Amino acid sequence: MTLALTRRAAFALAAFAVAGAAHAQGQPIKVGLMLPYTGTFAALGDMIEKGFRLHVEEQGGKLAGREIQFVKVDDESDPAKATDNVNKLIKRDNVDVIVGTVHSGVALAMARAARESGTLMIVPNAGADEVTGPMCAPNIFRSSFSNWQTGYAPGVIAAQKGYKRAMTITWNYAAGNQMVKGFTEAFEKGGGKVIKELNLPFPNVEFQALLTEIAAQKPDVVFAFFAGGGAVKFVKDYDAAGLKKTIPLIGAGFLTDGTLQGQGESAQGLITALHYGDNLETPRNNAFRNKFAVTYKLNPDVYAVQGYDAAQLLAAGLNAVKGDVTKKDAMIAAMKAAKIDSPRGPFTMSAQHNPVQDFYAREVKGNYNVVTGVAVKALADPGRGCRM
Ligand code: BEZ
């Protein structure tokens, strides 16, 4: 009896090993997309997926000769559900790589699970500084930005414009708080002072009391981070409160990216900084924008670019190992060394696996975030606390 069981167990193990080998060679590579498909960031998740798929399509539907199979989870931008959601992909679906997400709080739970399981992870948006800071790991990469970077660049612009007293307003969670930190660091280095930080819980959009406080304090400038549906409402409310005419608003670029149709006249002339701009006149960006428009009948935004570049980064790793995902060390080495030919401009990876990239000054004109100059060249996140 014991012998029979042992034989059966050995057979099962051998079958498992054969299945594993088949998985490594002929089967599709499983990409787990963990993104928001509902809620205030739903449009952002959709654009990331569209960008990712576009690069795969451009390679004939395969990366490094391997078919790509997508498994999708809607994370609802809800940190409380994030550990269960990411474990569906890692433990139930046994994906080869997780790609996600938008919300920093959700990304932190994903990074924890990726560190524990060793699963390859590419973050196509969420800027949580910890992901390429204290939580960094060899198997975790980002194709987007750190929150610190996206606050620092508008801080440089605000200081250069000679503003002295700033107020900040954002959602009270990792992304908003870390962008405010980056803004404050650059702004105060440039001679300004942040006199008050205002915030409200994510994803609330009841801005009225906070706008009244801004009107009362009369700062020289307001720095804001909101994105998606929340950004649309904030920009319209700022204008409707009469503040746009009296107190300049400078945003992390998410304030006006992918949102301009909803914001209309209220967004015209707003100044932001980001690592992408619609009118970057390079052959690479023009080709990307044309292909995206033809494929989806839509103009791309920064989220589409980050999704596209997540696929490019994965392809760089897969090409180095001819599609054999079991050669993880070689894949990681290739991703680390990759120079990504992005629509935003070429970028490289920092030692902590975060893009080192130019940040552009932009102004809203019509339905476009128009680049007016480079705010900070080759800006690298400090990667504080990362021990790889
Ligand atoms: C974040 O949570 O990290 C985030 C969300 C939307 C846009 C930018 C950053």
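This is a walk through the structure, from the overall chain to the ligand and then to a few unusual spots in the backbone. Please keep in mind that the model is predicted.

Let's begin with the chain as a whole. Its secondary structure adds up to twelve helices and 15 strands. The radius of gyration is 22 Å, close to the 21 Å that the globule rule gives for 388 residues, so the chain is as compact as a globular protein of that length. If you turn the model along its principal axes, the C-alpha atoms fill a box of roughly 85 × 45 × 35 Å.

Now let's move to the ligand. You will find the ligand in the largest cavity, with 16 residues surrounding it. Val-102, His-103, Ser-104, Gly-127 and Tyr-173 are the closest of these. What is the character of this shell: how many of its residues are nonpolar, polar or charged? Eleven are nonpolar and five are polar, while no charged residue takes part.

Three of the closest residues deserve a look at the level of atoms, beginning with Tyr-173. A polar atom of the Tyr-173 side chain lies 2.6 Å from a ligand oxygen. Ser-104 also brings a polar side-chain atom to an oxygen of the ligand, here at 2.7 Å. In the case of Val-102, it is a backbone N or O atom that lies 3.3 Å from a ligand oxygen. Taken on its own, the ligand has 260 Å² of accessible area, and the protein covers 100% of it.

From here we can follow the backbone to its unusual spots. As a reminder, most peptide bonds are trans, and most residues other than glycine have a negative phi. Gly-100 and Thr-101 are joined by a cis peptide bond, with omega about 5 degrees. Thr-101 belongs to the loop that runs between strand S4 (97-99) and helix H4 (104-117).

A cis peptide bond also links Phe-202 to Pro-203, where omega is about 0 degrees. To find Pro-203, look in the loop between strand S8 (193-200) and helix H7 (208-217).

The last stop is Lys-322, which is not a glycine and yet has a positive phi of about 50 degrees. Lys-322 sits in the loop between helix H11 (302-320) and helix H12 (328-337).

Terms used
Residues numbered from 1 in each chain as written. Predicted model: local features only at pLDDT ≥ 70, side-chain atom pairs only at ≥ 80, totals over all residues. Heavy atoms only, no water. Near = heavy atom within 4 Å. Polar contact = N/O pair within 3.5 Å; in protein donor to acceptor, adjacent residues only side chain to side chain. Areas by Shrake-Rupley, 256 points an atom, 1.4 Å probe, with all protein chains shown as cover. 1 Å grid on protein atoms, 1.4 Å probe; cavity = no way out; pocket = protein on both sides within 12 Å on 5 of 7 lines; lining within 4 Å. Sits in = over half its atoms within 2 Å of the grid points. Nonpolar A, V, L, I, M, F, W, Y, C, P; charged D, E, K, R; others polar. Helix = DSSP H or I, 4+ residues; strand = E, 2+ residues; numbered from the N terminus. Rg over C-alpha atoms; globule rule 2.2 N^0.38 Å.
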